[in-house]
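Got your viewer open and a selection tool ready? Let's take a walk through this model, one stop at a time.

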Amino acid sequence: MIRTLAAALATGSCLVALATPAAAQTRDFNVPAGSLRTALDTFARQSGRQVIYRGDEVRSARSPGVRGARTAEEALEALVAGTGFTIRKDSSGAFAVVRVGNAPAADSITSSEEAGGRPSDHSEIIVTGTNIRGIAPVGAPLTTYNRKDIEKTGASDVPQFFRTVPQLFSNIDASTTTTNLDAGSGAGNSYGGASANIHGLGYGATLSLVNGHRLAPAGTGGLFADISVIPLSALERVEILPDGASSVYGADAVAGVVNFVTRKDYSGVELNSRIAVPTRGGGRELFGSVAAGANWSSGHVFASAQIQDANAITVSQRSFILTDAPAGVLDGYNLEPSTRQISTYAIIEQKVSNNLRLSGDVLFSRRKFQYFVPTDTFNDESNTGNATQLGISASLTYDDGGPWSAILEGSYSRNDQKTLRSIPSFDFTAPFDAKTYSKSLDGRIQGELFDINGKSAKFSGGASLRKESLSVDNGSTIKLIDRNVWSGYGELYLPLLYGSGLVELSASGRYDHYTAFGGAFSPRLALNWRPTSALVIRGSFGRSFRAPDLVRISPVTYVETSALDLPLASSPTGYGTLLTESLGSNPDLGPERSRSINFGATWKPFRRTSLSITYFNVLFRDRIDYPRRSKGTIDTFTDPAISFFLDRNPSAAEVMRILSEAPLANNTGLLTGITHPVTPDNVAAIYRSYPQNHAITQNSGLDFSATQNFTLGAWAIDSAFTGTYLIKNRTQPGPNTPFTDFLNITFNPPRFRARASVDATHNRVSVGTAANFINSYTNNLTAPVSRVHSWLTVDLNARYAFGRRDNDSERWAISLNVVNLFDRRPPVVSGEYGRFGVAFDYDSANASARGRVVSAQLQAKF
């Protein structure tokens, strides 16, 4: 332990340790406002708890102080409120005080045997974007939202919270299931799931993790991880890394990573009940949860369960909805589905010897859903079913207190979606069942290599094996496919001195080998330069990749050929036959690859002021794209957007292969159908109508944030502003074709999104307000194009805690939230879109039909 303490002091950290009391014991605190460093030392003496902080970081910060009966954690949170710092706690009960978002965490959180605590069982914190404990990801900002941040937004679930984060684009969630079928069907989202989408680069370009583990993908084709299954009652925080991270995590981390970190060492019982009611009607939500945990000298256990019930929102409940359907026909059409979801989570950690720690967790979620939509003849169609997610993981950690440790992890995840589509007037039913599985085994080591000017160079490396499977049953066809992935990876961290400043260098790389298409190597180089204690300049360069979805590389079970005579001057007959080969998948697809550049700075000109800006630029190539037409038409020869799907000089053998695979279907109704035998002699071209690696996407922009914290009398004031400005988001569908913009147009990312908030806290009372803004953009669904107005909404939140119990100062807490206080309706969007071209006059990807939502929550602790 002396060695560990010396290492902490060598890195500029201060560790204050006294005897550790019971986890949730209440005591009276009297810490005056003033220097944060002095306040932390005073807190440690009064609480008897262990605290680690970097002396050079907290030197200029000031604390509002704390007085009154609190638990240790509540008192420490009050001390750092408005300072630009946050707290983290390990299973031993030790605290680390770290900068919010960008700065590294404290180098270690160590339980001190000399101070009367128990032996270390979790010596350092590890955060998203790195496998090395004790550091934050170098070269990129890490944004963290804790439980209180989420509760203040009034969100009932993770997808609703994500709609308040400017960096994320919500084109796939429950709000877009029925009203934005272009996005929903593209991901097979017929069951109301939701995906994370950083910077609008696509639902498959953001990797979603739970405690660093993958979820089995959802959607009818297994195309995205469903974040809606994650229970709010189990969340400790959400970490968002908006930078390519395949060098650490492998496939899918192209735009970045979203990691959901669960609660672990809570002690006691917590009950929550909540009701949310849109004032326009429909969409009523009921929520209830219970969480319980216990700590003991060598481990802890935590479990939670929640149930959430939401009513549908129909067209008749929103007076601003205008459609071109006959009056009353669409009154029962669901803008949002009705759902009922039950979610549970449990985790246990136990020291099995002085050097070994065993942990395991289980996540289970089951959602039932139902929604009604019209068919093209305005007959009622219903979709009912359920979606089930299961995740199990276990780990064994070896740590003898020395500079190196090792961990072996295994995980299993499964997603099962069952849907029944029914049209009673046609006596039509169509069942659908999709299952995805993911199994993995991962082993790695990490530790210190050598010292550089009193700081430790660190390394982490390991290997993993993963198996992914997909099963699809549509009642007549069963599709089965799986693949194996083995990987090796390493990461090096070097702290160097440059003049009077610190330079942190990081180099990481990962090789992933897929049985389907071979290997992909993902390197990343990054640095942080701290020329002064108030300024951090950072940058990174990396390459990432995304593996083809299993459904897209599955064995071909659907083949259709068709032919069409087209005018062709060079042909003796005056025509040439265009042969179309339509396939449902393409086993020859390769990975989508990207290059990411990220640089920015964080500046703290004053002790309670923080400014941050980051430029990101992603070149995403070899993207998988489908042709815009399923069959060849008269303009196939001349349309540059699909010319790369055209083989103008097919061989006779290729023509005969296609004709032998499926019966020829005449493409009638466009031109006269083929009335002569189709032979290699008269086939002028083959149109290959199946997914291929042709597209390129360019995505760039700015993320920025500002915080200003101060005290006003007895109140601690926290203000924040976050925003994202997209410079470019465009796609080139194929070689030698023009780029198509997917920026600032309907159902696509807006150029500018922002959120500003102000929160005030005094003892057990907190109040706050937030404003959400989306700029105006172009409606490209009309001819000529029209303008969609900007959208500004205002939210309110308030919380009051009261009551006493033996081991907690807050037995009861009441919260009130109002989302969209002024009931601003979504901006008008005219045109034909949605299912079967039915228009609803709003953009469900960028706005909500929920209107004003009032919610109340009661929390009790025992």
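Start on the outside. Select V352, L358, L396, L408, L441, L465, W486, Y511 and F521, and show them as a surface: you are looking at a nonpolar patch with about 860 Å² of accessible area together. Keep in mind as you look around that this is a predicted model.

Pick L408 out of that patch and click on it. The strand it sits in is β22, running over residues 404–423. L408 counts as partly exposed because its relative accessibility is 44%, and that label covers values between 20% and 50%.

Now zoom out for the whole chain. Colour by secondary structure and you'll have 10 helices and 45 strands to look at. There are 862 residues in the protein chain, and buried ones make up 58% of them. Switch on the full surface and you get about 33,000 Å² of accessible area, with 58% of it belonging to carbon and sulfur atoms. As for how the chain meets itself, take the contacts between residues at least 6 apart in sequence: 68% of them join residues at least 24 apart.

Next, hide the surface and head inside. The largest nonpolar core has 36 residues, and the ones to select are V158, F162, L235, V238, I240, V258 and F260, which have the most contacts inside it. To see where its residues come from, highlight α6 (158–162), β12 (235–241), β13 (256–262), β19 (338–351) and β32 (609–625), the elements that each give two or more residues to this core. There is also a second, separate core of 29 residues; F224, V551, I553 and A849 are among its members.

Go back to F260 and show what surrounds it. Leaving out residues up to four places away in sequence, F260 touches V158, F162, L209, V210, N211, I227, I230, L235, R237 and V238.

From there, move along to T262, which is in strand β13. Is T262 buried or exposed? With a relative accessibility of 5%, T262 counts as buried, because the cut-off is under 20%. Show its side chain and look for two polar contacts: one goes to the side chain of N211 at 2.9 Å, and another goes to the side chain of Y345 at 2.8 Å. Beyond its close neighbours in sequence (up to four places away), T262 touches V210, N211, A234, L235, E236 and Y345. Try the distance tool on T262 and F302 too: they are 40 residues apart in sequence, yet 9.7 Å apart in space from C-alpha to C-alpha.

For a change of scenery, select helix α4, residues 72–80. This helix is mostly covered, with 7 of its 9 residues buried. The buried ones to colour are A72, E74, A75, L76, A78, L79 and V80. After α4 comes G82, which has a positive phi, near 80 degrees.

Finish at strand β23, residues 428–452, where S438 has its place. S438 is buried, since its relative accessible area is 9%. Setting aside residues up to four places away in sequence, S438 touches A216, S411, Y412, S413, R466 and K467.

One last click in β23: A434 lies in this strand as well. How much relative accessible area does A434 have? The value is 1%, so A434 is buried. Draw a line from the C-alpha of A434 to that of Q417, and you'll span 5.3 Å between two residues 17 apart in sequence.

Methods
Residues numbered from 1 in each chain as written. Predicted model: local features only at pLDDT ≥ 70, side-chain atom pairs only at ≥ 80, totals over all residues. Heavy atoms only, no water. Patch = residues over 30% accessible without salt bridge, like charges linked within 9 Å, V, L, I, M, F, W, Y side chains within 5 Å. Areas by Shrake-Rupley, 256 points an atom, 1.4 Å probe, with all protein chains shown as cover. Salt bridge = Lys/Arg side-chain N within 4 Å of Asp/Glu carboxyl O. Helix = DSSP H or I, 4+ residues; strand = E, 2+ residues; numbered from the N terminus. Buried < 20%, exposed > 50% of the residue type's maximum accessible area, 1.4 Å probe, protein only. Core = buried A, V, L, I, M, F, W, Y, C linked by side-chain atoms within 4.5 Å. Contact = heavy atoms within 4.5 Å. Polar contact = N/O pair within 3.5 Å; in protein donor to acceptor, adjacent residues only side chain to side chain.
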